[in-house]
Amino acid sequence: MSSPSSVFCQQHASPRAMASAAASSSSRTKHSLRRHDFYSHHREKLFSSSSSLRRHHSNNASSSSIVVSSSAREQEQQPSSSESSSSENSVLTRTAEEAIRNAATATASYRTTTTTTNKSSSVSSQSWQIDFCSRPLKDDRGKKVWELLITDEDRTFEHAEFFPNNRINSVELSKALQKVVSKRTEETGEGPRRVKFFRSQMMTIITRACKECELEPLPSRRCQTMLNWLEERMETVYKKHPGYDANSAPLMTFDAQAPKPLPDALRGESWAFVALPLVGVKEEMESVARGKAFGDLLNIDPDLPDDTLIPGVVVYTARAAALSGWTKGLELSAITVDLESSSIVLETGVNESWNYAFFRRTKELREEAREWEGVKRQTKGLHFLAIQTDADSETTDGFWVLQDVKGAQF
């Protein structure tokens, strides 16, 4: 990955150069930063502070954290440990959810295919992903062909089933879904608890079908497994199908809404643009997987080198545990920069977005934001959100692996 320009760092050195410097240092490296006020860019105050996203051993080059930018208010006094109790966090999660609700075959046969892979099952098998939509295919009557795809987040099984366009309703979908659930439960001894889907236009049908099967429907853009599978099927199935229609326009794409004001309860005190080597990201992911931190994970390309710098946003707050609990109630998708409004936008659900924070309208900060987006493009949209008490904290209370998602092209 090529190095970003110097404006990305207060020291006027590229992140990769800083990583090399950290590797040769015999002591823990800390970097000055600018923190952005979380509430209003009009009251932003710049100052320097030695800090790191998380402290890693200095003799491990790939795990040295690198803060690349940040401005803000003084940190409040750290809350008592009771604030992070499990009972309170469960209430916070429910309240946050309330906040989000308010603020290759013959076309005539419609054959069903279910495949089980050799991947081992995991907790993610309780979370399935579903897509029910028309495909760029026509049957022997010249009508659009619909398809149901079901898999889990680790893709330990795959179910594909074509539907004629006169069977597109929640009753037919629930019957097909229940058959797959029953079969997987019989084979593995455990069925899914929730079903993710990314097409907002299919929300009514999918929600009704899931509830009929006593499953939790979850509108989400965190359906990378399904989107990757769809891309594969475009090349291996749809384009080879005798009814393939190359001129078929996408029936449904992401229909994003304009960003809404962020509820006060979901704000921190300050935030910063940061970057962390992939090995450090994996370390934080392990804390989430072990239940030591709030958050959500995605499968990362295993061929991505451990020293690849992953951009992110870190939020500092004395209420780190509580804020992480609130944030867990949102189905986070991605963070983007809106230069027109000088804000960072938090994307959630299938089409919702929030003005997460603001930065001053200066040439330097705007360029800094562009550079952060540039690094994100180099990682194919991979980035993260971290929440912790302050810059010197040894642990993070919340960590979300995020990825930019494009609308389905079919």
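**Exercise 1. In this predicted model, find which residue forms a salt bridge with Lys376, and decide whether the two partners are buried or exposed.**

Solution. Begin with the side-chain nitrogen of Lys376 and look for a carboxyl oxygen within 4 Å, which is the cut-off for a salt bridge. The partner is Glu373, and the closest N and O atoms of this pair are 3.1 Å apart. Next, place the pair in the fold: Lys376 and Glu373 both belong to helix H8, where a separation of three residues amounts to about one turn of the helix. Finally, turn to accessibility, for which buried means under 20% relative accessible area. Lys376, with a relative accessible area of 0%, is buried, and Glu373 also counts as buried, at 14% relative accessibility.

**Exercise 2. Work out how the span of helix H8 relates to the span expected at 1.5 Å a residue, and describe what follows the helix.**

Solution. Helix H8 covers residues 363-378, which makes 16 residues. From its first C-alpha to its last the helix reaches 23 Å, which is close to the expected 22 Å. The buried residues of H8 include Leu365, Trp372 and Val375, and Glu368 and Glu371 are also among them. After the helix comes Lys380, which has a positive phi, near 60 degrees.

**Exercise 3. Set the salt bridge of Arg135 beside that of Arg167, and state for each residue whether it is buried or partly exposed.**

Solution. Take Arg135 first: its salt bridge is with Asp131, and the closest N and O atoms lie 2.9 Å apart. Arg135 is buried, at a relative accessible area of 1%, and Asp131 is likewise buried, with a value of 1%. Then take Arg167, whose salt-bridge partner is Glu172, with 3.3 Å between the closest N and O atoms. Here Arg167 counts as partly exposed at 28% relative accessibility, and Glu172 counts as partly exposed at 21%. For the structure as a whole, the count comes to 22 salt bridges.

**Exercise 4. Determine how many disulfides the structure holds, and examine the surroundings of Cys213.**

Solution. A search of the whole structure gives zero disulfides. For Cys213, the nearest cysteine sulfur belongs to Cys210 and is 7.0 Å away; because a disulfide requires two cysteine sulfur atoms within 2.5 Å, Cys213 is in no disulfide. As a last step, consider accessibility: Cys213 counts as buried at 9% relative accessibility, and Cys223 is buried as well, with a relative accessible area of 1%.

Note on methods
Residues are numbered from 1 along each chain as its sequence is written. This is a predicted model: local features need pLDDT of at least 70, side-chain atom pairs count only at pLDDT 80 or more; totals for chains, interfaces and linings use all residues. Side-chain values use heavy atoms; hydrogens and water are left out. Buried means under 20% relative accessible area, exposed over 50%, partly exposed in between (1.4 Å probe, protein chains only). Helices (H or I, at least four residues) and strands (E, at least two) are DSSP runs, numbered from the N terminus. The expected span of a helix is 1.5 Å times one less than its number of residues.
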